[in-house]
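Subject: Structure for you to look at

Hi there,

Here is the structure I promised to send over. Have a look at it first, and then read on for what turned up when I went through it.

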Amino acid sequence: MQPAEPLVVFCQPGDRRAAGIQQARSRLGMPPALLIPYAGLLEGQPLADLLEQAVQSQLRDGAPEQAGLHSPAPGQPQLEYPGRRSGGHSAQGSSAEAQRLLPDSPGGSFSMPAVPGSAAGTPLLRLESPGGSFTLERALIALGAPDAPDADDSLHPFGQQPDLRPLSFKAASALKELPGVLHHPSQWFRGYCRLLARLRREARQLLPASRWTNDPAEIAAMTDKRRTQQILAESGVSVPRPLRGSGGQVPVDYASLRELMLSQRMHRVFIKLASGSAASGVIAYQLNPATGAESAVTTIGVESYITRPPVYYNSGKLQRYTDSARLAGIINWLYRHGAYAEQWIPKPGISGHSFDIRQLVVAGDACHAVARVSTTPITNLHLRSQRMTPAEAGLSEAQQAEVRRTAEASLAAFPNCSVAGIDVLVGSTGQTYTADVNPFGDLLYDVEYQGCSTYEWEMKQLSRRNPAP
């Protein structure tokens, strides 16, 4: 049996995702992953320094082999690193050991196996979600500023479009934490794309033999719902019909949204913040064509003031609005940060409930699945939706198979990605649609597939493959 490849994870060490990966690798007898903190990268530390620190931390915490960077399996060739001596570990201490495990120059041989083509020493690089930390959110907004030191927008799908009312680097760096407040989503996304571009660039220089489980460029595309739906449609995957005019024009604000809804006879739509996740910035909106009356269910809350602009925040409880002035304010704010509108596909349901399916796909094959069941049109689990199996939610075997096929086709549209959670809708006619592709959609609790948790299954499936070039 070949040893597992070293795994380098860019993450927030200590959060649920990093802990889940380490727990899964421990259960499977794999060496722990090297955890590279986003915080260090956003503070400006070079990737090479952070790798060295991670290796030294591994060496302090356990046997050098636990780093998984140079442990040959019985009968397998010894791996070679710069300065490595035959005969085992160095006696010169962890610092010297770490130096041998790391590239000492651009294009160094951090992971090069002794036998070309052997997968034993080729590290996998994995990106985890940067969400859940205000410190990281603020740093990414600052990185997206017009005067930020790194302005590589090459991975931003719409990078040529300037952000409206951008914050300077200094102003963004001074933002105060206000729980739930949506500070500047479009500038956050620009900063995130710049971070992804930097990681891709530095990893290519430092770890030329490495491979990404999900390529940063495609993660950027998945994180922008406008680009995601374009890619899916171009690949022949069924998606809810986008709201656009006969000439291809798309809504840009509240007024044009209503105009297009009427002209296209699409009177119920989902409006989504382009870079939103976990239902952030989602509106289920409907318009009565005869009376002009409107209503919306959304996760967006508003705090209004007399002397300054309103503040928009993520509400843990769904809000319902019918006031046109308030809806115009919310929708205009959403479009200023990039938004996408699509046909509202009625979700199937039983007993007054509706649901969609979060279907995980790993290395091309569908695996773990959860039905998200709710009495509202927005079914994300953190909004207190119920969890069921697809069968418990009422899907037949044939429908479940169609959901899996749709999810697999959706991930295949991103050929350089190996893991994603796909949100699949089943229409009233049985037609399936992909609503979202989530590069970090595998944080699913208490769901097993062939006896494995999501992370255990991913570690097993990806450890022997060449995931993404």
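Arginine 358 and aspartate 423 form a salt bridge through their side chains, with an N to O distance of 2.5 Å. Arginine 358 belongs to strand 10 (residues 354–362) and aspartate 423 to strand 13 (residues 419–426), so this pair ties together parts of the chain that are 65 residues apart in sequence. Are the two partners buried or exposed? Arginine 358 has a relative accessible area of 11%, so it counts as buried, and aspartate 423 is buried too, at 4%. Please keep in mind that this is a predicted model, so every value here is computed from predicted coordinates.

That pair is one of 22 salt bridges found in a search of the whole structure. As a general point, side chains of opposite charge can pair when their charged atoms come close.

Two further salt bridges connect helix 7 with the loop between helix 5 and helix 6. In one of them, the side chains of arginine 201 and aspartate 152 meet at 3.0 Å, N to O. Arginine 201 sits in helix 7 (residues 185–206), while aspartate 152 is in the loop between helix 5 (134–143) and helix 6 (169–173), and the two are 49 residues apart. Arginine 201 is partly exposed, with 34% relative accessibility, and aspartate 152 is partly exposed as well, with 23%.

In the other, aspartate 153 pairs with arginine 190, and their closest N and O atoms are 3.0 Å apart. Aspartate 153 is in the loop between helix 5 and helix 6 and arginine 190 is in helix 7, so the salt bridge ties together parts that lie 37 residues apart in sequence. How accessible is each partner? Aspartate 153 has a relative accessible area of 22%, which makes it partly exposed, whereas arginine 190 has 5% and counts as buried. The cut-off that separates these two classes is 20%: buried means under 20% relative accessible area.

There is also a network of salt bridges, which links Arg17, Arg126, Glu128, Asp442 and Glu458.

Next, the strands. Strand 5 (residues 268–273) has six residues, and five of them are buried, so the strand is largely enclosed by the rest of the structure. Which strands does strand 5 pair with? One partner is strand 6 (residues 282–287), which runs antiparallel to strand 5 and is joined to it by five bridges. Within this pairing, valine 269 has tyrosine 285 of strand 6 as its bridge partner. The other is strand 9 (residues 339–343), also antiparallel to strand 5 and also joined to it by five bridges. Here phenylalanine 270 stands opposite glutamate 342 of strand 9.

Finally, a pocket for you to explore. The second largest pocket holds about 680 Å³ of space. It is lined by 22 residues, and those closest to its centre are Leu182, His183, Pro310, Val311 and Trp333. Where does the lining come from? Strand 8 (311–321) and helix 11 (324–336) each contribute at least two residues to it, and strand 8 gives the largest share, three residues. Sorted by class, the lining of this pocket has 14 nonpolar, three polar and five charged residues.

Happy to talk any of this over whenever it suits you.

Best wishes

How values were computed:
Residues are numbered from 1 along each chain as its sequence is written. This is a predicted model: local features need pLDDT of at least 70, side-chain atom pairs count only at pLDDT 80 or more; totals for chains, interfaces and linings use all residues. Side-chain values use heavy atoms; hydrogens and water are left out. Buried means under 20% relative accessible area, exposed over 50%, partly exposed in between (1.4 Å probe, protein chains only). Helices (H or I, at least four residues) and strands (E, at least two) are DSSP runs, numbered from the N terminus. Two strands pair if DSSP finds at least two bridges between them. A salt bridge is a side-chain nitrogen of Lys or Arg within 4 Å of a carboxyl oxygen of Asp or Glu. On a 1 Å grid over the protein atoms alone, a cavity is a set of points where a 1.4 Å probe fits but cannot get out, and a pocket is an open set with protein on both sides within 12 Å along at least five of seven lines; lining residues have an atom within 4 Å of a point. Grid points are joined across faces, edges and corners, and a volume is the space filled by probe spheres set on the points. Ala, Val, Leu, Ile, Met, Phe, Trp, Tyr, Cys and Pro count as nonpolar, Asp, Glu, Lys and Arg as charged, and the others, Gly among them, as polar.
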